[in-house]
Amino acid sequence: MRIHHLNCGTLGFGLVDHCLLIETRDGLVLVDTGFGLDCARQPAKLVGPSRFVIGAKPTEAQTAIRQIQALGYDPRDVRHIILTHLDLDHSGGLADFPEATVHVQGPEFRAATATPTLSEKLRYRAVQWSHGPKWMVNEVEGGEKWFGFDAVRDLPGLPPEILVVPLPGHTRGHAGVAIDHGNGWLLHAGDAFIQESSIDPVQPHTPFGWKLYESGAIVREALRDNQRRLRELKTIRGEYVTIINSHDPNVYARVGGR
């Protein structure tokens, strides 16, 4: 199982929009989409005023669809998209893959599409999924544990090497995506942390500016608890589980980003 690391958007403060493209026996799988073609062409509509807050600079060249084409693949071979959450900088490219099944956690789907709070309305852009994606809504009920975390396994249509790890906090239904690549695991933890130093097992540190940013988490206590658990995972299984996230440019550069 081959994994490609894609930067699907430039944000303020040098942040990236780290997505994954996974080659499976039955087609391609995207983990998050970053910004899509319409975000680059119509940023006022697709990204909205929040683009000024997060410093979003969507470009067509950075979209997942253009990068997939540059790798020599047919975008129609993207059969599945797994979303860590539905924030506007993670789901902006959904419309570029209209035939893909879109996997999202139940609490996240309901928060974004039912009755979002005022703060949630600022982070979600319903126009990004107005084309009517093929939603596959997952619920966390029972199932086996994954290194002490709850896990959603046997996702419909996906190989067993890919599973979803609920990591609520940043949003109600935020989740990570774990991939068994044959030589260990890769865990894309989304926005469970912004800078890798937050989950440093020896001397964890979150810069003051990012602490302010994280104060906007929908469930702050869960965010802190999951950062603690990720530190423990890194301490105990760091040689076997590589933890990455969505926005740290140093992480993206280290794991093979271009």
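1. A good place to start is Arg172, which is partly exposed at 39% relative accessibility. In this predicted model, the side chain of Arg172 meets that of Glu120 in a salt bridge, with 2.7 Å from N to O. The two residues sit in distant parts of the chain, 52 residues apart: Arg172 lies in the loop between β11 (162-166) and β12 (175-180), while Glu120 belongs to helix α6 (residues 118-123). Glu120 itself is buried, with a relative accessible area of 1%, so this bridge pairs a partly exposed arginine with a buried glutamate.

2. The wider set of charge pairs may interest you too. There are 14 salt bridges in the structure. One of them joins Arg76 to Asp74, whose closest N and O atoms are 2.8 Å apart. Arg76 counts as exposed at 68% relative accessibility, whereas Asp74 is partly exposed at 27%. Another links Lys145 and Asp150, with 2.5 Å between the closest N and O atoms. Asp150 is partly exposed, its relative accessible area being 34%. Arg41, Glu60 and Arg66 are joined into one network by salt bridges that share partners.

3. Now to the cysteines. How many disulfides does the structure hold? The count is zero. Cys8 and Cys19 deserve a look here: the sulfur of Cys8 has its closest cysteine sulfur in Cys19, and at 3.8 Å that is too far for a bond. The cut-off for a disulfide is 2.5 Å between sulfur atoms, so the 3.8 Å separation leaves Cys8 and Cys19 unbonded. Seen from the other side, the closest cysteine sulfur to that of Cys19 is in Cys8. Both residues are covered: Cys8 is buried at 1% relative accessibility, and Cys19 is buried at 0%.

4. Next comes the largest pocket, with a volume of about 560 Å³. It is lined by 20 residues, and those closest to its centre are Val53, Ile54, Asp87, Arg123 and Tyr213. Which helices each supply at least two residues of the lining? They include α3 (50-54), α6 and α7 (208-214). By type, the lining divides into ten nonpolar, six polar and four charged residues. Helix α6 thus turns up twice in this note, as a contributor to the pocket lining and as the home of Glu120.

5. The strands at the start of the chain are worth a check as well. Strand β1 (residues 2-7) is mostly covered, with five of its six residues buried. β1 pairs with strand β2 (residues 18-24) in the antiparallel sense, over six bridges. Within that pairing, Arg2 has Glu23 of β2 as its bridge partner.

6. Finally, two backbone angles to inspect. Phe13 is not a glycine, yet its phi is positive, at about 60°. Phe13 is found in the loop between β1 and β2 and is exposed, with a relative accessible area of 77%. Asp32 also has a positive phi as a residue other than glycine, with a value near 65°. Is Asp32 buried or exposed? Asp32 is buried, at 1% relative accessible area, and its place is in the loop between β3 (27-31) and β4 (34-35). So the two positive-phi residues sit in contrasting surroundings, Phe13 being exposed and Asp32 buried.

Definitions and conventions
Residues are numbered from 1 along each chain as its sequence is written. This is a predicted model: local features need pLDDT of at least 70, side-chain atom pairs count only at pLDDT 80 or more; totals for chains, interfaces and linings use all residues. Side-chain values use heavy atoms; hydrogens and water are left out. A salt bridge is a side-chain nitrogen of Lys or Arg within 4 Å of a carboxyl oxygen of Asp or Glu. Buried means under 20% relative accessible area, exposed over 50%, partly exposed in between (1.4 Å probe, protein chains only). Helices (H or I, at least four residues) and strands (E, at least two) are DSSP runs, numbered from the N terminus. On a 1 Å grid over the protein atoms alone, a cavity is a set of points where a 1.4 Å probe fits but cannot get out, and a pocket is an open set with protein on both sides within 12 Å along at least five of seven lines; lining residues have an atom within 4 Å of a point. Grid points are joined across faces, edges and corners, and a volume is the space filled by probe spheres set on the points. Ala, Val, Leu, Ile, Met, Phe, Trp, Tyr, Cys and Pro count as nonpolar, Asp, Glu, Lys and Arg as charged, and the others, Gly among them, as polar. Two strands pair if DSSP finds at least two bridges between them.
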